[in-house]
Structures are given as structure tokens and as C-alpha cells.
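Got your viewer open? Take this short tour with me, one selection at a time.

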Amino acid sequence: METGQTDFLVVGGGSAGAAMAARLSEHPEHRVVLVEAGDDTPPDATPADIDDTFPSSTLNPHYFWPGLEATTVAGTTPRPYPQARVMGGGSSIMGMFALRGLPSDYARWTASGARGFGWDDVAACFGKVEDDHDRPKRDAPRGACPISRTPRGQWPEFVRRMEHAAAGLGFPFADDANTTNGDGFFAMPASCDANARSSSARCYLTREVRARENLTILSGTCATSLRFDGRRVTGVNAIRAGEMSALDAREVILSAGAIHSPAILMRSGIGPADELARFGIQPVADRRGVGRNLQNHAYQFFALTLPPATRLAAHVRRFAIAGLRASSELPGCPAGDLMLFMLGRVSPRSFGTNVAMVGSALYTPFSTGAVTLASANPYVNPRIDFRMLDDPRDAPRVLKAARLAERLLRDRSVAATYREAFLLPAGMALNQFNRGGVTGALIAAGAKAALNSPAAVRRCAFGLAFPGARPLAGPHGDVELSDAELLSSIAPMGHPVGTCAMGREHDPLSVVDDGYRVYGVDGLRVVDASVMPVIPSANTHLPTLMLAEHAAARILGVPVNAFAESA
């Protein structure tokens, strides 16, 4: 693998890594190499399921790390936990929610020692990310990533009535959730335009960027560990096509995500020294925060079977239609800590709009878990333990969010728009509604027939397809769901953060400084969701891109609101 003299070696082509490679290579004097473990998705050759404005790509196992598992609550059995392994990372497989979070989120970052993340600073970086088609155009340049919303005229009837029911509970409509700080109902901003998903690969690694002579992209290349000269990082060891190679660079930037960035650090001797020694790893820097401070959003789903008149139109290939930000108002908990979201379809197949989902989630959890090594062998996945609900403040708020969703679904006007509502078991996601190949096509045809059958057949088919689903409402009256049932239905979202947290050097949980430099070594930075000291009250794609823009500006020594000529 001949890459020449490399100034910046970016490990991971996900949301942050693709943006970092593009921004750093804007300067011809810097030679940049981007390595990605998964497949590339170049312009004019992006798979159709990734481009789709419905997240079909989340159903393709080829785009994910194999065998990765996580525990949700302490003491429970690990379950599969999908993490992207493809150019664009999570931005190529996610549900496309495009949320910034709240100013209070970034105030907590600042309080943790992450300087330069005041709202004005992050808003400038978000401005470099967002090309919001629904926001009034101003003289400032547009950002890199198209964002759009499902027009009100296309909303399915159940969403319209949920908005009305929410208004009756005192939730106003917010025209733009990303510029409104209070609670309210809103059209969900999505990372796509009318034709395609806005992955970081599509928006940052454009044809023009890829043509730069100072940028090299190596896909199918898995970085396993760091290379050192004393305490200076000089590159990485990587596997490509089954062969081990060494890639050297003046500076390495880890952008492998909140699971794999700490794993690479620990395999390389950066982490809790006593734990590393148990795996025969010689410690280079004893940073006890590596892999700790793992945070995520807890969510659960209610599935609705819909009659034809209340469904999303079949031609509308959208997922999230609307959202509702709410505050638990519990002591010591921040405002806007709860989120509800309304999903218009569950499958790209013809039955997809016959079922809708309403999700409820805790968006500012206090519980933290850990990513730890299971082996020094890079082929062995790390252990992921979210430990959701460990903090006593979290379970009551999970219940608050779920009960708010229940209350809206039980509203007479809303209830008139669906046939049945079910609380789905933990971990029920899109792949539970979909299968591939000929088998998937036959199941889809059967599902469409069953969902449009008489009530008894429909309920029986749903129960067989989703054992453990609990009915919320139906023709025989409401069914009361217990707190235990609601708490047992939670699952972690694809939003892990915090495992290489930014903060003050003396803080035992801090791993990087506010220049993204790893404490205890030279020549190494981390730029991805792992550096977030506190999880934002938003899906993490947009905040991760904001971080990449912020980091690139810091590294290059330019103002955070500076737009390059070629951007």
C-alpha cells in the first residue's frame, strides 16, 4: 500500500471521518489518507439502498460489523448491536433524523471542560453542515448536507391527529426544531433531499474532492492498532485483503466511532493500565476514561396497524414524519429530555405503509456504561455494556416518555385512525419487519394480505410475527401496560457516545483535550462521537458532523465559521 508521505491519516470513513478527510484535503499542502474498513460508495456507484430516502440500507447486513453485541441493562443477555461498516458509517444506514440538540447540551460540554462549544460556536459549525431546504435562504453559503422535511400535505392522518392531540396538552407547533429551544411538536428534519440520502460520503466525498491529488482513499482497510516511536504515534497497523500493512503519518486522527475508537486505543496500550495488562498489552498511557462514560438514548416502539385512509401515501419513501420534544420536569433533569417520533412506514416493500410506529425515548440519560476489550486480538469484538437505567433518575423518565406516547395514542381522535396498537418487545426495529430474497418477498406478500384481512386474522398474524408484543388498544378496550412491561421494552439507539470524552486533563474520565489531542501521547487525535462528554438531546449524526467541522477548523487554525472556496 504505497501512500507517500502522509500528513493526516484519518481512520474511519464514517460521519466524522469523511468530513475530516474532505476538509483537511482542501489545503493542497496537506497529504491526507482516509482508511475505511467497509466498502466505498463513490459517486455514480452508490448502492440504491443507501441512496434511498427510506432507510432501506439498515436492512443490509453487509454494511455492518459482524457479530457485534451489547447488553442494554446490567445483568441481561447481550443482543446484536448494529454498527455501520461502510463508507459514510452511520450516516449511510441511519434513520436520517437531522437534529442539532439544544443549547443546554453544549453548555454541559463546556462545563465538562470542552472549551469553544458555546451555542454561537456550534451554530456556526452546524451552518457549515446544513443545507436546510425548508429554512429561509440568507446571504451566507449553504452547508454541505441537504436537509428536508415531509410536507404537511403528505402527512398520514394519524400524525395530523397526534399533532392536534399534543396541542391539546399544551405542546405548540415548532416550525424548525433546530432553531427552537422549547418543547413542541415539529416536522422531523431529515438528512436527505427529494432524491437521495445525505450521507457524509455523498456530501463530503464528492467527485471533486476525490479528484484531489493530495487525498487517498483506502476502503476495505481495517486499522487494528497504532504504531509508536516512544510516546509519539507514527501511524497504524492495518489489514487489507487479508494482509497486514503499516501506514505511517505525521498525525493520526481516529474517527472509528464510540465503539471502535476506544477499542483501537486500548489494543494499542492507551487505556486503564491494569485492565490492559490482563490482556498482555503493554501500557503506553494510563487513561482510565478510555471506553468509560458510554452513553446512549433508550427508546421503545408502539406499532400501529392502519386502515387505508390514514396511511402514508405509498409513493412517499420517508421514515420519520414528525417529532415531539417534551420535558419530564423531574428534579435535577434538564428541559427537553424526552422525545417522541412518528414513523410513516416500516418497510420499503408494498406493505410498508400498512404499519406505522410511534417511538418514545429518553434523550438526556444520566446512566453510563463501558466499552471494554474481550481480547487483545483485533478480530475479537469488544464488549459493550450500556447499563441503561443504572442511574435512578432514568427509569422514571423512560416511563414519562412512554406514558406520554400512550396518552396521545389513547386520544379518541388519534385512536380512530388505527386498528390496533402494540407495544413491541425490546430491540424491535426495521429488520424485524423485513427479510431479504425470495423468502422476504413471500413474507411481504403474506404480511400485506394479513394486514388487510379481518380483525381476528390481522391480530393473530401480528401476534405470530411479533411474539411478546403487548396490545395497547383495540376493539375489546384499552389494555393497561405495567411499568415493568414498559421498562423491559427499551433498547439502545444507534447513538453511542462518550468513550473518549473531551475534558480537563486531571479528570479521570477525560481522554482528549479541547484540541481533540489524546492525553499522554503525541501525534494522535480522536474526532468522532466518542469525544462528546455528554450525549446531546438529539440523534447524533448532525452533532458528529458539527464536531468534524469544529475539529477541522481547530487543526487548520481557521475560524469555525469560515467556508472554503471549494466547499
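We'll visit a sheet and then a helix.

Keep in mind as you click around that this is a predicted model.

**Stop one: the sheet.** Select β9, β2, β1, β13 and β25, and show them as a cartoon. In that order they make up an open sheet of 5 strands, with parallel pairing. Now look at the edges, where you'll find β9 (215–218) and β25 (524–526). Each has a single partner strand, so one side of each is left without a neighbour in the sheet. Turn the view to follow the twist, which averages 15° from one strand to the next.

**Stop two: one strand pair.** Narrow the selection to residues 8–11 and 251–254, which are β1 and β13. These two strands pair in the parallel sense, over 4 bridges. For one of those partnerships, pick F8: its bridge partner in β13 is E251.

**Stop three: helix α5.** Jump to residues 157–168, the 12 residues of α5. Try a distance from the first C-alpha to the last: the helix reaches 17 Å, close to the 16 Å expected at 1.5 Å a residue. Next, show side chains for F158, V159, M162, E163, A165 and A166, the buried residues of α5. They cover an arc of only 165° around the axis, which puts them on the same side of α5. What sits on the face turned away from the buried side of α5? Select H164 and G168, the exposed residues carried there.

**Last stop: just past the helix.** Step on to G170, just after α5, and check its backbone: the phi is positive, at about 95°.

Notes:
Residues numbered from 1 in each chain as written. Predicted model: local features only at pLDDT ≥ 70, side-chain atom pairs only at ≥ 80, totals over all residues. Heavy atoms only, no water. Pairing = 2+ DSSP bridges. Axes fitted to C-alpha atoms, helices over the stretch in contact; angles between N-to-C directions. Expected span 1.5 Å × (residues − 1). Buried < 20%, exposed > 50% of the residue type's maximum accessible area, 1.4 Å probe, protein only. Arc of directions from axis to C-beta.
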